[in-house]
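Grab a coffee and work through these exercises with the structure open beside you. Each one gives a task, then walks through a solution.

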Amino acid sequence: MIEISGLTKWYGDNVGVDNIDFTVQKGEILGFLGPNGAGKSTTMNIITGYIPSNAGSVKVSGYDILKEPAEVKKRIGYLPEHPPLYMDMTVREYLNFIYEIKKVTFNRKSHIDEVMDLVKIGDMQKRLIKNLSKGYKQRVGLAQALLGNPEVLILDEPTVGLDPKQIIEIRNVIKALGKEHTIILSSHILPEINAICERVIIINKGKIVASDTPQNLSKKLTNDSKLIVRIAGPEAQVIKSLKALNGIKYVEAQGEKEPFSMDYIVEAQPSIDIRKPMFNELSKQGHPILMLKSLDLTLEDIFLQLTTEEEGM
């Protein structure tokens, strides 16, 4: 659906995007992450045809953005971080205006009604945009991206500035849209990316530093060296037994989770599987293991680890 190859963009002596490659499959919801200035917005602006690249190619449904820009733009709906709204228009007037600009061929009234219903702004159609709440303005921005029923949606910080209730509402709309659209979603709200996206790409200093599902990235970065273990027995004795084991790097009690037992974070030295020796030692000491699982990194942990490592190089 979307094919990015060797994409490069310079701003004078500064590299905004540095020879990146990735694809997005039809029907996929891709999370696009990176620190401020990492190249996210530059990449999205190139895909949508707002700015040209210096090198590389972008293809959407087989059409090249440089050779056939009209065909690509026809297939993309774009919601920038600050939607281009005309505040003195009513919602319906604005959507009619966008309908004309996009040269949409669907029946005007029924199509606009359908889009308004999808993002739940039908009740606001006669109100001036300047009088809407931030959440409704964001919905209007999403509605303009949906006009023409594009195959691809590119959403840059779609929930920025919204309250928790509005975030959940917009998140549900995006998940529903993902059933029929290919979506690239950029957001600083990492739990939102985790809740919506099937795959994430992390970009830093113009380069892609990771591309995978959050679950696979967590496994790659932790190497199963950090466990959370629920153990029955006195805290001091359990910690003493754990620290006596060869290969254990770190132990931290997490508090009582059920009567007469406590959870512990146990980190092993790299490439050491501590589970069997830990089980044997605790069994000898009369401290049974009630629960043991790998402590997966959160998406925030992954993001910080990858971008901090890159900055330190």
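## Exercise 1: An arginine and its salt bridge

Arg-75 has a relative accessible area of 16%, so Arg-75 is buried. Keep in mind that this is a predicted model.

**Task.** Which side chain meets Arg-75 in a salt bridge, and at what N to O distance?

**Solution.**
- Step 1: Find the partner. The side chain of Glu-151 meets Arg-75 in a salt bridge, with 3.3 Å from N to O.
- Step 2: Place both ends. Glu-151 is in the loop between helix H5 (134-146) and strand S7 (152-156), and Arg-75 is in the loop between helix H2 (69-74) and S6, so this pair ties together parts 76 residues apart in sequence.
- Step 3: Check the cover. Glu-151 comes out at 32% relative accessible area, so Glu-151 is partly exposed.
- Step 4: Widen the view. Arg-75 and Glu-151 belong to a network of salt bridges that also links Glu-71 and Lys-74. The structure holds 16 salt bridges.

## Exercise 2: Two helices, one bridge

**Task.** Which residue forms a salt bridge with Arg-92, and how far apart are the closest N and O atoms?

**Solution.**
- Step 1: The partner is Asp-113, and the closest N and O atoms are 2.3 Å apart.
- Step 2: Arg-92 sits in helix H3 and Asp-113 in helix H4 (residues 108-118), so the pair ties together parts 21 residues apart in sequence.
- Step 3: Now sort the two by accessibility. The cut-off for buried is under 20% relative accessible area. Arg-92 has 19% relative accessibility, so Arg-92 counts as buried. Asp-113 has 26%, so Asp-113 is partly exposed.

## Exercise 3: Reading aromatic pairs

**Task.** What kind of aromatic pair do Phe-22 and Phe-32 form, and what kind do Tyr-86 and Phe-97 form?

**Solution.**
- Step 1: Know what to look at. A pair of aromatic rings is described by the distance of the centres and the angle of the planes. The structure holds four aromatic pairs.
- Step 2: Take the phenylalanines. Phe-22 and Phe-32 are 5.8 Å apart centre to centre, with 35 degrees between the planes, and the pair is tilted.
- Step 3: Locate them. Phe-22 is in strand S2 (residues 14-24) and Phe-32 in strand S3 (residues 29-33), 10 residues apart, and the pair links distant parts of the chain. Phe-22 has 6% relative accessibility, so Phe-22 counts as buried. Phe-32 is buried too, at 1%.
- Step 4: Move on to the other pair. Tyr-86 and Phe-97 are edge-to-face: 5.4 Å centre to centre and 85 degrees between the planes. Tyr-86 lies in the loop between strand S6 (76-79) and helix H3 (91-102) and Phe-97 in helix H3, so the pair ties together parts 11 residues apart in sequence.
- Step 5: Check their cover. Tyr-86 counts as partly exposed at 44% relative accessibility, and Phe-97 counts as partly exposed at 29%.
- Step 6: Add the third ring. Tyr-86 and Phe-97 form one aromatic cluster with Tyr-94.

## Exercise 4: A strand with partners

**Task.** How many residues of strand S13 (residues 261-268) are buried, and which strands does S13 pair with?

**Solution.**
- Step 1: Count the cover. Eight of the eight residues of S13 are buried.
- Step 2: Split the strand by direction. In a regular strand the side chains alternate between the two faces of the sheet. Here Ser-261, Asp-263, Ile-265 and Glu-267 point one way, while Met-262, Tyr-264, Val-266 and Ala-268 point the other way, and all are buried.
- Step 3: Find the neighbours. Strand S11 (residues 226-232) runs antiparallel to S13, joined by seven bridges; Ile-231 stands opposite Met-262. Strand S12 (residues 248-258) also pairs with S13 in the antiparallel sense over seven bridges, and Glu-252 has Ile-265 as its bridge partner.
- Step 4: Look at the turn. S12 and S13 form a hairpin with two residues between them, and Phe-260 in that turn has a positive phi of about 65 degrees.
- Step 5: Find the charged contact. Asp-263 and Arg-230 meet through their side chains in a salt bridge at 2.6 Å, N to O. Asp-263 lies in S13 and Arg-230 in S11, 33 residues apart. Asp-263 is buried at 3% relative accessible area, and Arg-230 counts as buried at 18% relative accessibility.

Definitions and conventions
Residues are numbered from 1 along each chain as its sequence is written. This is a predicted model: local features need pLDDT of at least 70, side-chain atom pairs count only at pLDDT 80 or more; totals for chains, interfaces and linings use all residues. Side-chain values use heavy atoms; hydrogens and water are left out. Rings of Phe, Tyr and Trp (its six-membered ring) pair if their centres lie within 6.5 Å; planes under 30 degrees apart count as stacked, over 60 as edge-to-face and the rest as tilted. Helices (H or I, at least four residues) and strands (E, at least two) are DSSP runs, numbered from the N terminus. Buried means under 20% relative accessible area, exposed over 50%, partly exposed in between (1.4 Å probe, protein chains only). Two strands pair if DSSP finds at least two bridges between them. A salt bridge is a side-chain nitrogen of Lys or Arg within 4 Å of a carboxyl oxygen of Asp or Glu.
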